Every structure is written in C-alpha cells, then in structure tokens.
Amino acid sequence: MTDDELKAIEERCEKATEGPWDVEAVSNACRVTIGKGSGKVILARACPPQLQEEETWSNVKFMAAARTDVPALIEEVKRLKAKVSALQEIIEKAQAIADRLGCSDAHGPENPMCDPCLLRAALAKLDGKEAK
Ligand SMILES: [Zn+2]
C-alpha cells in the first residue's frame with residue numbers, strides 16, 4: 001500500500017462521524033447509532049428474508065466496527081512502515097559491514113564456516129533478495 005493510498009483511507013476516516021458506532025438488534029432489524037447526543041444518526045435495516053439473519057447481523061457489526069477498527073489498522077500500518085524503514089537502514093549498514101569483512105575463500109554463501117558470507121546471506125534473505 002502506498003503512502004497516498006493510506007492517506008486517502010485516513011482522510012475518509014477523519015471525515016466520518018467520530019466513533020465508536022454502536023450496533024444493536026431491534027425486533028427484526030439491525031440498528032446502527034452513529035454519533036452521540038442530539039446529533040446522532042440512526043440507521044436501521046430490516047433483515048430481508050432472503051438473507052441469512054446471522055449474515056446481515058455480521059455485516060452490520062462489521063460496518064459499525066470499521067469506524068474504530070480502520071483507524072487502529074492505519075496506526076498499526078504506520079508503525080510497521082516506520083519499523084520496516086528503520087530495519088532497511090540497519091540492513092544496509094550491516095551489508096556494508098559484511099562486505100568490508102570480506103571473505104578469503106571462493107566458496108558460496110552457504111558455507112557454514114564463513115561468518116561474512118553467512119551474514120551476507122542472512123541479510124539478503126531479510127531484505128528479500130538473493131545473496132550476491
Ligand atoms: Zn565466505
């Protein structure tokens with residue numbers, strides 16, 4: 001997901017009425033309450049006979065929970081993106097160190113006795129690349 005896509009999702013969340021949204025079953029309808037006090041909006045949907053009542057209930061609970069779940073997911077994505085970025089910098093620094101350590105043998109990166117080659121292979125795997 002690009003930063004622009006994440007920002008667009010975040011903007012949609014910020015424009016929506018503040019959460020949490022409440023959902024409850026009222027006779028044969030699902031009722032979602034958006035907002036609080038006199039400004040609250042209530043959406044009610046009767047459960048049509050052609051839909052499973054449980055499926056409709058699950059859909060309504062999903063929509064109401066999205067108001068708090070999506071912002072939480074956005075924050076987690078931001079946290080993980082920052083962590084990946086920091087780890088990428090560490091990987092690049094460690095790769096430079098592994099390259100400076102050199103290797104006296106002309107063996108492949110899978111030699112279990114060569115620390116520089118093992119380090120390069122592990123860093124390449126961590127970086128999603130093949131070892132050089
Ligand atoms: Zn080596």
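Me: At what angle do H2 and H3 pack, and how far apart are their axes?
Reply: In this predicted model, H2 passes H3 in a left-handed crossing. The contact is made by Ile-91, Ala-94, Gln-95, Ala-98 and Leu-101 on the side of H2, and by Pro-116, Leu-119, Arg-120, Leu-123 and Leu-126 on the side of H3. The angle between H2 and H3 is about 155°, and their axes are 9 Å apart.

Me: Is H2 roughly parallel or roughly antiparallel to H3?
Reply: The packing angle of H2 and H3 is about 155°, and angles over 145 degrees count as roughly antiparallel. H2 is therefore, with respect to H3, roughly antiparallel.

Me: Which residues of H3 are buried, and where do they lie around the helix?
Reply: The buried residues of H3 are Cys-117, Arg-120 and Leu-123. Seen down the axis of H3, these buried residues fall within an arc of 130°, so they line one face of the helix. This can be set beside a general property of such helices: an α-helix has 3.6 residues a turn, so residues three or four places apart point the same way. The residues asked for are Cys-117, Arg-120 and Leu-123, and they lie on one face of H3.

Me: What is included in the cover over the buried residues of H3, and which exposed residues are on the face turned away?
Reply: The cover over the buried residues of H3 includes helix H2, residues 53–101. On the face of H3 turned away from its buried side, the exposed residues are Asp-115 and Lys-125.

Me: What distance separates the end C-alpha atoms of H3?
Reply: Helix H3 runs over residues 115–126 and has 12 residues, which at 1.5 Å a residue should span 16 Å. The end C-alpha atoms agree with that expectation, being apart by 16 Å.

Me: Which residue just after H3 takes a positive phi?
Reply: Just after H3, the chain has a residue with a phi of about 75°. The residue that takes this positive value is Gly-128.

Me: How is H1 oriented with respect to H2, parallel or antiparallel?
Reply: Helix H1, residues 3–15, packs with H2 at an angle of about 150°, and their axes are 10 Å apart. H1 passes H2 in a left-handed crossing, in which Leu-6, Ile-9, Glu-10 and Cys-13 of H1 meet Val-70, Pro-71, Ile-74 and Val-77 of H2. The angle of about 150° makes H1, relative to H2, roughly antiparallel.

Me: How many of the 13 residues of H1 are buried?
Reply: H1 reaches 18 Å from its first C-alpha to its last, close to the 18 Å expected at 1.5 Å a residue. H1 lies largely in the open, because the number of its 13 residues that are buried is 0.

Me: Which peptide bond is cis, and where is Pro-20 found?
Reply: Pro-20 is found in the loop between H1 and strand S1, which covers 22–26. The bond with omega near 0°, and hence the cis peptide bond, is the one from Gly-19 to Pro-20.

Me: Is Ile-42 buried or exposed?
Reply: Ile-42 lies in strand S3, residues 41–46, and touches Arg-31 and Thr-33 when residues up to four places away in sequence are not counted. Its C-alpha is 10.0 Å from that of Trp-21, a residue 21 places apart from it in sequence. Since Ile-42 has 11 other C-beta atoms within 10 Å, it is exposed.

Me: What separates the C-alpha atoms of Met-63 and Val-23 in space?
Reply: Met-63 lies in helix H2, and with 15 C-beta neighbours inside 10 Å it counts as partly exposed. Met-63 and Val-23 are 40 residues apart along the chain, and the separation of their C-alpha atoms is 9.2 Å.

Me: In what order do the elements of the protein run?
Reply: The protein has 3 helices and 3 strands, and buried residues make up 6% of its 132 residues. Among contacts between residues at least 6 apart in sequence, 39% join residues at least 24 apart. From the N terminus on, the order of the elements is α-β-β-β-α-α.

Definitions and conventions
Residues numbered from 1 in each chain as written. Predicted model: local features only at pLDDT ≥ 70, side-chain atom pairs only at ≥ 80, totals over all residues. Helix = DSSP H or I, 4+ residues; strand = E, 2+ residues; numbered from the N terminus. Expected span 1.5 Å × (residues − 1). Buried ≥ 20, exposed ≤ 12 C-beta atoms within 10 Å, placed from the backbone. Arc of directions from axis to C-beta. Contact = placed C-beta atoms within 7 Å. Axes fitted to C-alpha atoms, helices over the stretch in contact; angles between N-to-C directions. Parallel < 35°, antiparallel > 145°, perpendicular 65-115°, else oblique. Left-handed = near helix turned anticlockwise from the far one by under 90°.
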